Amino acid sequence: MKKPSLIAKFFSFLFRVLVVLVLMAAIAVASFEGVTYYLTGSLYNLKKVAEETSDSGISAVKDTEENEIDDKNMENTLFFVNSEDGMEQYIALGMLNTNTYAYDVLLVPINAQVTVGRDVLKEIQKNMPDAKNTVNLSDIARVFADDKYEMISDIFSNVLGIKIAGYDVLTENNFVKLLDMADPIEYHLDNSISYRNEKGILEQIEGGDITLDGSQAMELIAYLDGTESQESARLERTSIYLQSFIKALLDENKSETIAKKYMILAESGETREESELEQLIDKLDGEEIAIRILQGAESNGIFSIDSQKAQLQISTLIKQTEGSTSSASSTKDTDTTEKEESSVESSKEYSIELYNAAYVAGLAGEWESYLEEEGYNISLVGSYQDEGPISTTRIVVAEEGMGEDLLQYFPDAEIETGEIDTGGDIQIYIGTDSTIVGDGSTEELTTDDSEKDDTEEAIEEDTEEEDSFGTSSGSYSFDTDSR
């Protein structure tokens with residue numbers, strides 16, 4: 001047989017190489033498209049996806065619309081107080097239940113930073129092209145000027161998953177005039193604070209039991225001490241003062257007087273009728289108004305709003321105001337309950353520690369007042385944030401058989417025996433199933449009507465503020481409530 005020439009051998013080799021290269025290219029394309037399909041769910045045009053990602057400035061930020069909270073019976077309004085130089089915005093979110101007229105006010109840090117969704121970020125980037133998905137409210141206020149209120153409203157609606165009905169704006173001077181509608185408020189200040197007034201003159205508010213007029217209250221609200229947790233401390237002072245102020249305002253003034261004064265002082269972002277505002281104020285109860293702080297943490301001078309915790313906080317508050325938590329599943333027959341109660345060891349002789357594990361501001365303090373009125377010994381109140389919000393209340397006891405009687409207050413709780421090294425006998429980690437204080441089967445166990453009335457009054461009293469300091473991260477988080 002005639003051997004092939006060198007030229008034939010060369011072209012044969014070249015052909016084989018080309019075939020191999022084509023096959024490799026085909027395999028590479030197939031693999032690339034296959035991986036793309038696996039990751040995205042369809043064969044997208046990756047160039048288009050990349051362009052969209054570049055336009056948004058983020059790669060994996062989802063809009064919070066999918067986390068929208070059911071707030072159909074809530075009227076949510078933002079309140080702004082502008083500092084004298086216009087550089088700072090004191091912000092609060094008012095949440096009014098239009099069925100029950102329970103009213104919660106959530107204070108927001110001045111220097112808060114928050115992570116927004118894609119659609120809102122695109123709107124922000126029209127004025128701030130270099131903005132990323134985490135933005136600072138102070139920057140928004142500075143850049144958006146006259147449009148800052150609408151933009152901040154859109155941000156809160158997006159981040160918190162609620163509808164914002166409108167906003168009201170007061171200058172600092174007008175806010176002081178509003179504060180002066182109530183008589184000077186009694187307040188306890190742990191330490192004296194020094195500040196400079198609008199004329200630059202050094203002033204001081206002495207520590208101890210004091211009374212504050214509107215001007216002094218504004219300085220207390222605005223005062224920053226230069227520490228790492230200064231904004232958190234400011235919010236805490238503000239919540240305590242405003243709780244007393246709102247109650248005094250409603251007690252000392254007629255609804256029509258408050259409505260008229262407010263309409264004069266506040267600039268509203270929506271059309272508001274004085275008669276409607278008067279009717280609303282007339283239905284408010286100072287005992288059913290709570291000043292709280294939007295969930296977040298402060299570290300190295302930066303306060304970050306935790307959208308997950310904040311959404312949980314808001315949804316829980318809505319649930320509380322609606323009174324939607326049913327106790328039917330935990331209600332027992334009276335005879336059976338009394339029989340079980342008589343055979344269960346009482347925990348009233350033990351030392352009980354309460355920990356807020358539901359991320360609901362002031363919850364442990366409310367349970368403390370309630371259980372102490374019931375005769376229990378509460379030795380420690382704090383917050384527990386190691387696991388995130390827990391759904392089921394956990395009762396840890398030093399010895400088996402203890403704490404069974406506490407199930408009448410926490411009917412869905414789990415009891416477990418464990419080592420307690422903090423000095424107590426029983427630890428209660430309050431979960432999101434126990435956010436309504438006294439919502440267990442205690443009604444059936446209470447036979448004395450006067451005792452029950454006293455207990456209900458105790459729940460409504462102002463509770464002592466709860467503080468929780470971050471551990472390893474050095475950040476400051478809080479659990480404050482003044483209801």
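**Exercise 1.** Does Y359 count as buried or exposed, and what is its relative accessibility?

*Solution.* Start with the cut-offs: buried means under 20% relative accessible area, exposed means over 50%, and partly exposed lies in between, with a 1.4 Å probe and protein chains only. Y359 has a relative accessibility of 5%, so it counts as buried.

Before going on, please note that this is a predicted model, in which local features need pLDDT of at least 70 and side-chain atom pairs count only at pLDDT 80 or more, while totals for chains, interfaces and linings use all residues. Residues are numbered from 1 along each chain as its sequence is written, and side-chain values use heavy atoms, with hydrogens and water left out.

Next, place the residue. Helices (H or I, at least four residues) and strands (E, at least two) are DSSP runs numbered from the N terminus. Y359 sits in the loop between strand 15 (351-356) and helix 13 (363-373). Finally, look at its backbone: phi of Y359 is positive, about 60°, although Y359 is not a glycine.

**Exercise 2.** Which other loop residue, between strand 2 and strand 3 (103-108), should you inspect?

*Solution.* The residue is Y101, found in that loop. Its phi is near 60°, a positive value in a residue other than glycine.

**Exercise 3.** What surrounds W367 in helix 13?

*Solution.* First, the accessibility: W367 has a relative accessible area of 0%, so it is buried. Second, the neighbours, where contact means heavy atoms within 4.5 Å. Not counting residues up to four places away in sequence, W367 touches L354, Y409, F410, I430, S434, I436, V437 and G438.

Third, check for a polar contact, that is, a pair of N or O atoms within 3.5 Å; within protein, one must be able to donate a hydrogen and the other to accept it, and residues adjacent in sequence count only if both atoms are side-chain atoms. Here the W367 side chain reaches the backbone oxygen of S434 at 2.9 Å. As a last distance, W367 and I378 are 11 residues apart in sequence, and their C-alpha atoms are 9.6 Å apart.

**Exercise 4.** How do helix 6 (residues 172-179) and helix 7 (residues 214-222) cross?

*Solution.* Take axes as lines fitted to C-alpha atoms, for helices over the stretch in contact, with angles from 0 to 180 degrees between N-to-C directions. The two axes come within 8 Å and cross at roughly 120°. That makes helix 6 oblique to helix 7, given that angles under 35 degrees count as roughly parallel, over 145 as roughly antiparallel, 65 to 115 as roughly perpendicular and the rest as oblique.

For the handedness, a crossing is left-handed if the near helix is turned anticlockwise from the far one by less than a right angle, and right-handed if clockwise. This crossing of helix 6 and helix 7 is right-handed. To see the interface, display E172, F175, V176 and L179 of helix 6 against G214, S215, A217, M218 and I221 of helix 7.

**Exercise 5.** Where is Y241, and which residues does Y241 contact?

*Solution.* Y241 belongs to helix 8 (residues 230-252). With 1% relative accessibility, Y241 counts as buried. Leaving aside neighbours within four places in sequence, its contacts are L179, I185, Y187, L212, A217, L220 and I221. Recall that L179 of helix 6 and A217 and I221 of helix 7 also take part in the meeting of those helices.

**Exercise 6.** What do the side chains of S83 and D285 reach?

*Solution.* S83 lies in the loop between strand 1 (74-82) and strand 2 (89-97). At 8% relative accessibility, S83 counts as buried. A polar atom of its side chain lies 3.1 Å from the backbone nitrogen of E88.

D285 lies in the loop between helix 10 (274-283) and strand 12 (289-293). D285 is partly exposed, with a relative accessible area of 37%. A polar atom of its side chain lies 3.0 Å from the backbone nitrogen of E287. D285 is also 183 residues from A102 in sequence, with 7.7 Å between their C-alpha atoms.

**Exercise 7.** How many helices and strands does the protein chain have, and what percentage of its residues count as buried?

*Solution.* The chain has 15 helices and 21 strands. Of its 483 residues, 46% count as buried. Among contacts between residues at least 6 apart in sequence, 67% join residues at least 24 apart.
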